[in-house]
Amino acid sequence: MGDRLDTVRKCLRQFPEEARELYLNEAVPYLSSPPSPLAFYRDWIGPNKPCIIRNAFNHWPALSRWNPSYLREAVGSKEISVAVTPHGYADAVYGHRFVMPEERRMPFASVLDIVEHKGERTGVFYVQKQCSNLTEELPELTGDLETDIPWMSEALGKQPDAVNFWLGESTAVTSLHKDHYENLYCVISGEKQFILIPPSDRPFIPYELYQPATFCQREDGTFDVVDEPNTEKVPWIPVDPLNPDLQRYPNYSLARPLSCTVKAGEMLYLPALWFHHVRQSHGCIAVNFWYDMEFDIKYNYFQLVESLSKVVGPL
């Protein structure tokens, strides 16, 4: 039995190496303009490779309009969902729990006050609700952009499942995770810093099970961590790619993350199942489009690698 496990471990080590040798790029490449739908599917979606696309949404009025003054006038009185945490990490491992942010309803103008450092508040605020919050909560802004990416919709033969609006402080961080979506991430102002890890590196990514909980802010500004009652434990990645604990998670040292910065006017194609960690400049505004992935043979292969990775232990 031990020899068989060793053979599987060897295969799991070789699998990511072959992916890097055969088709993965050593850095996230740039495209000077959007390709045709067929070319994009053939060169990027099919191979499951990220790229940064320039000049993809130069025609959106949002690029020139979306400043604090305009947003106050257009949607300042609208109440929106805002994630509030003590330290900026929402949906992340905190202690021995997977802790979600406090979801708070507040006027958009109040979020702008926080971003512009008007008044004092305790905690870190991030507009990040991923339920098509742009079209559902801020429909007044949809005239400033497109609610789909036409060439992506044609390439996939469907409309996006969600169009999400993002605005927050520089201390707001998205922990390492993956999504089952083809993601087009458009930065309107500021910049986003991404750490990307390909699905083929799954054998090196640790998961552990955590009790789900939620942050809850007291009147004095401090935060409690409140367990979610009657819920199953959540599998999540405990590694912080900015400061990985390689003594505890030695397999992670074999991963080969890619780092890239997406600036205003640029679009990141983030393929389904790629692990990603995200930071941002203060007050960065972005919109992303989620297209549901095809649950095809690539997904089956990933599930197989994930299943094997869970049972073999250290590589």
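Let's start at a helix end: Gly313 follows helix α8 and has a positive phi, near 75°. This is a predicted model, and the tour below goes from α8 to a mixed open sheet of 5 strands and then to the cysteines, which form 0 disulfides.

**Helix α8**
- Helix α8 covers residues 297-312, and its 16 residues should span 22 Å at 1.5 Å a residue; the end C-alpha atoms lie 23 Å apart, which agrees.
- Tyr299, Phe302, Val305, Glu306, Ser309 and Val312 are the buried residues of α8.
- These residues sit on the same side of α8, because they cover an arc of only 165° around the axis.
- At the start of α8, Asp296 brings a side-chain oxygen to within 3.2 Å of the backbone nitrogen of Lys298.

**The open sheet**
- Reading across the sheet, the strand order is β4-β10-β18-β12-β16, with mixed pairing.
- The edges belong to β4 (89-90) and β16 (258-263); each has a single partner strand, so one side of each has no neighbour in the sheet.
- Inside the sheet, β12 (residues 191-197) runs antiparallel to β18 (residues 275-280), and the two pair over 6 bridges.
- Within that pairing, Ile195 has His277 of β18 as its bridge partner.

**Cysteines**
- For Cys51, the closest cysteine sulfur is in Cys260, and at 10 Å this is too far for a bond.
- Cys51 is also buried, at 0% relative accessibility.
- Cys284 is in no disulfide either, with the nearest cysteine sulfur, that of Cys186, 12 Å away.
- The relative accessible area of Cys284 is 0%, so Cys284 counts as buried.

Technical notes. Residues are numbered from 1 along each chain as its sequence is written. This is a predicted model: local features need pLDDT of at least 70, side-chain atom pairs count only at pLDDT 80 or more; totals for chains, interfaces and linings use all residues. Side-chain values use heavy atoms; hydrogens and water are left out. Two strands pair if DSSP finds at least two bridges between them. Helices (H or I, at least four residues) and strands (E, at least two) are DSSP runs, numbered from the N terminus. The expected span of a helix is 1.5 Å times one less than its number of residues. Buried means under 20% relative accessible area, exposed over 50%, partly exposed in between (1.4 Å probe, protein chains only). The arc is that of the directions from the helix axis to the C-beta atoms. A polar contact is a pair of N or O atoms within 3.5 Å; within protein, one must be able to donate a hydrogen and the other to accept it, and residues adjacent in sequence count only if both atoms are side-chain atoms. A disulfide is a pair of cysteine sulfur atoms within 2.5 Å.
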